[in-house]
Each structure stands twice: as structure tokens, then as C-alpha cells.
Amino acid sequence: MLDTSSRFAYNEDHEAFRDTVRKVLAEHIAPYLDQHEADGIVPREAWKAVGEAGMLCPTISEENGGLGLDFGFNCVVNEELCYLGTSAGFTLQSDITANYFERLGTPEQREKYLPGMVSGDIISAIAMTEPGAGSDLQGIRTTAIEDGNHLVLNGSKTYITNGQNADVVIVVAKTDPGQGAKGTSLVLVDAGTPGFEKGRNLDKIGQHSADTSELFFSDCRVPKTNILGGEGRGFIHLMEELPQERLSIAVSAQAGAQRAFDEAVAFTKDRKAFGKTVFEFQNTKFTLADLKAKLQVGWAHLDWAIKRHLEGKLTTDEASAAKLWHTDLQWEICDAALQLHGGAGYMNEYMIARLWRDARVTRIFGGTNEIMKEVISRAI
């Protein structure tokens with residue numbers, strides 16, 4: 001269990017909410033972790049359970065069907081999910097897509113999607129990455145060309161979280177291919193729309209319970225009213241959401257790092273070698289001491305970043321730095337913790353193996369860590 005006694009980003013309401021989150025996860029998620037991993041997807045009944053508990057999209061206003069809470073409540077859910085060891089796509093919906101709908105959506109769009117996203121009846125995804133365009137979003141080739149009162153989408157997306165489950169996808173597409181980034185728009189496409197097909201559930205190294213898909217658009221017609229936000233302003237809208245998205249990844253990474261450390265401590269104190277516990281060897285103690293010090297720094301920095309975001313002050317370069325640092329720390333700790341497990345760490349039956357596998361992608365998604373350095377350097 002995460003120790004939050006010294007945290008300063010949260011208040012009593014956040015911690016009371018954390019108690020609820022832990023109870024819900026213990027009942028509806030923890031007993032089924034292995035099944036979700038084996039199935040490669042989190043079932044819709046789990047989404048409904050966390051939605052009924054107020055754990056989905058807590059920042060959505062009451063008028064749009066939510067609780068109207070601050071982003072700290074999202075962070076509480078995020079931490080508890082990642083410490084538990086699940087890669088369910090709940091945080092994508094709560095921390096990323098919900099904000100697009102509430103901030104940019106028309107009254108009709110908000111009414112159509114947000115209450116269901118809060119309850120878990122509607123699952124959302126955002127489709128940016130393409131086979132030939134990853135961190136460089138200006139390189140996307142999917143088009144949404146005007147035809148009367150409709151847009152006709154053609155192209156493909158890949159590595160899309162919640163892609164199999166998704167009822168609605170925010171598609172990043174070129175509505176005016178000749179204008180480069182200025183010709184990019186966000187277009188809503190509902191599951192079942194003719195010309196929109198979901199490909200296979202992709203076979204990943206880790207994060208097996210997060211369904212991740214290819215999406216295909218072939219003469220897929222949607223009304224022009226499905227544009228989310230301003231036409232031609234898609235790239236700007238994406239950039240506006242980056243601080244929160246990258247902070248969300250940093251929160252996940254720190255919680256995952258803490259769980260890996262805790263697993264290593266428990267294992268080395270129990271496992272014996274050469275007549276004493278593995279923990280008693282100086283190498284083990286010094287390794288864990290080094291990791292503990294870095295975790296201490298990490299939690300303090302994370303709380304600073306969360307509070308700064310709640311105050312509306314977290315900049316893109318600061319959020320990018322948080323994503324860079326915390327995901328690098330997550331990988332360092334997961335790898336060291338696995339090493340301390342010895343051969344057991346390479347066995348999938350041990351939690352550390354899952355934590356290690358799942359950690360590898362955090363330095364890639366949300367913009368690679370190499371891109372984070374580029375973003376940070378621009379602010380120097």
C-alpha cells in the first residue's frame with residue numbers, strides 16, 4: 001500500500017477518496033488482474049464498476065454528469081491503479097480524452113458523450129499515432145476531406161489505447177492537407193460508423209490488459225459537426241493538453257516505481273542465500289538505499305508538479321521534464337528490483353516481471369523521452 005503520510009499535494013478529501021478507490025479496486029480489479037492480462041482487455045463491467053464509484057473523469061463538471069473535482073482526484077486514482085499493477089485504460093479517459101470533450105465540445109457533443117464517459121457506459125480513445133508518424137504529429141497522413149455537410153476520412157492509426165473497447169475515437173486528421181499543422185483537426189468517429197474498422201488487438205511486450213489497436217478509415221463519412229474544437233486548430237488543441245497528459249504519465253511512473261521497490265524489499269527480506277537473507281548483503285542494502293533516496297526525491301517533485309498544475313501554472317517544458325525524469329526513474333527501479341529477485345524476477349508469476357514489462361513503454365508514449373529533452377531544451 002502506498003504511504004501517503006508525508007504527501008503535500010493532497011488534502012483530507014483526496015485521502016478520503018483514496019480509501020474509496022482502494023476498496024473498489026480490491027473488489028473489482030485486483031482479483032481479476034491475471035484474467036485481464038490473459039484476455040488482453042479490461043471488460044466493460046469493470047469500467048462500469050469504477051464509473052459508478054466516481055473514479056472515471058472526476059474533473060467533469062456536475063452539469064456534464066461528473067463530480068466537478070480537481071485533477072488531484074485523478075492523480076489519486078492513477079497512483080492506486082499503477083501501484084496495483086494494472087495497465088487498464090481508465091486514466092486515458094479520465095486524464096486526457098475527457099478534457100478534450102469538456103473544454104472543446106459543443107453542448108450537443110458534451111451531452112452525447114460526457115455522462116456516459118463518467119459512468120463507464122462510453123469508452124473513448126484518441127488516435128494520433130500512425131505507422132509513419134509517432135512523436136512528430138505534424139507528419140500524420142490521415143485525411144478528413146469536406147464533402148458537402150460531411151467529412152470523408154481515409155487513413156490508418158496504430159498503437160491506439162482503448163482501441164478495441166472504444167465507443168468513440170478522437171481522430172487527428174488533416175482537414176486541409178496543404179496547410180500542414182494548421183490544416184489539422186480533431187474529428188469524432190463513433191464505433192460502427194461505416195468505413196471505420198478496428199484492427200487486431202496488438203501483441204505488446206507489456207501492458208497486456210490495455211487493449212491497443214490498429215484503426216482503419218476507408219471513405220468513412222461523418223457529419224462536419226463531428227469536428228471537436230476549431231477546424232484547423234487540432235494541432236493547437238493537442239499542444240494545449242500536453243502538460244496534463246505528461247503529468248499523468250509521471251504520476252503513473254512514480255507509483256509503478258514505488259511498487260517495484262516495495263516488491264524488491266519484501267522479496268529480499270524473505271529470500272535466503274548463503275545462510276542469510278538476500279537483504280542482509282551489503283550490495284542489496286546499498287542498492288535499495290540508493291533507490292529509496294531517489295523515490296523520496298521523486299515523490300517530493302511529483303507533489304510539486306501536481307500542485308503547480310492544480311494552480312494552472314505547470315508549463316509544457318516542466319511537464320515534459322516530469323515525464324522524462326519519473327519514467328527514467330521507473331525503469332531504473334524496475335530493472336534493479338528485478339535483478340534483486342534473481343531468477344525469480346524473470347518468471348511471469350512474480351509481480352516484478354509485470355511491472356518491468358509494463359514500465360518499458362512509458363519512456364515512449366506521450367512523446368518519447370528524447371522528444372522531452374528537445375522540448376525542455378527549447379525553454380532554456
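So, the surface: this protein exposes about 16700 Å², and carbon and sulfur atoms supply 51% of that area. Keep in mind that what we have on screen is a predicted model.

Now the inside. Of the 380 residues in the protein, 55% are buried. How does the radius of gyration compare with that of a compact globule? For 380 residues, a compact globule would come out near 21 Å, and the protein has 21 Å, so the two agree. If you draw a box around the C-alpha atoms along the principal axes, you get roughly 80 × 45 × 40 Å.

As for what's in that box, we have 11 helices and 10 strands. And look at how the chain comes back to itself: take the contacts with a separation of 6 or more, and 75% of them are between residues 24 or more positions apart.

A quick word on charge. There are 38 positive and 53 negative charges in the protein, and their mean positions lie 5 Å apart.

Okay, cysteines. How many disulfides does a search of the whole structure find? The count is 0. Take Cys82 as an example: the closest cysteine sulfur belongs to Cys75, and at 11 Å that is too far for a bond, because a disulfide needs the two sulfur atoms within 2.5 Å. Cys82 is buried, by the way, with a relative accessible area of 17%, which falls under the 20% cut-off. Cys220 also counts as buried, at 0% relative accessibility.

Let's zoom in on a helix. Which helix has 8 of its 9 residues buried? That's H10, residues 351–359, and because so many of its residues are buried, H10 is largely enclosed by the rest of the structure. If you want to click through them, the buried ones are Met351, Ile352, Ala353, Arg354, Leu355, Arg357, Asp358 and Ala359. Notice that there are charged residues in there, including Arg354, Arg357 and Asp358. What covers the buried residues of H10? The cover includes H2, helix H4 (71–84), helix H7 (234–270) and helix H9 (316–340).

Since H2 came up, let's stop there. His36 sits in H2, which runs over residues 33–39, and His36 counts as buried at 4% relative accessibility. Leaving out residues up to four places away in sequence, His36 touches Ile29, Ile41, Val42, Pro43, His208 and Ser209.

Next, a glycine. Gly298 is part of helix H8, residues 282–310, and at 0% relative accessibility Gly298 counts as buried. Beyond the residues up to four places away in sequence, Gly298 touches Gln254, Trp325 and His326. There's also Gln258: Gly298 and Gln258 are 40 residues apart in sequence, with 9.7 Å from C-alpha to C-alpha.

Last stop, two backbone oddities. Tyr159 is not a glycine, but it has a positive phi of about 60°. You'll find Tyr159 in strand E3, residues 150–161. Asn162 is the other one, also a residue other than glycine, with a positive phi near 70°, and its place is in the loop between E3 and strand E4 (168–174). So which of the pair is buried and which is exposed? Tyr159 counts as exposed, at 60% relative accessibility, whereas Asn162 counts as buried, at 1%.

That's my tour; go ahead and spin the model around.

Conventions
Residues numbered from 1 in each chain as written. Predicted model: local features only at pLDDT ≥ 70, side-chain atom pairs only at ≥ 80, totals over all residues. Heavy atoms only, no water. Helix = DSSP H or I, 4+ residues; strand = E, 2+ residues; numbered from the N terminus. Rg over C-alpha atoms; globule rule 2.2 N^0.38 Å. Buried < 20%, exposed > 50% of the residue type's maximum accessible area, 1.4 Å probe, protein only. Contact = heavy atoms within 4.5 Å. Areas by Shrake-Rupley, 256 points an atom, 1.4 Å probe, with all protein chains shown as cover. Charge placed at Lys NZ, Arg CZ, Asp CG, Glu CD.
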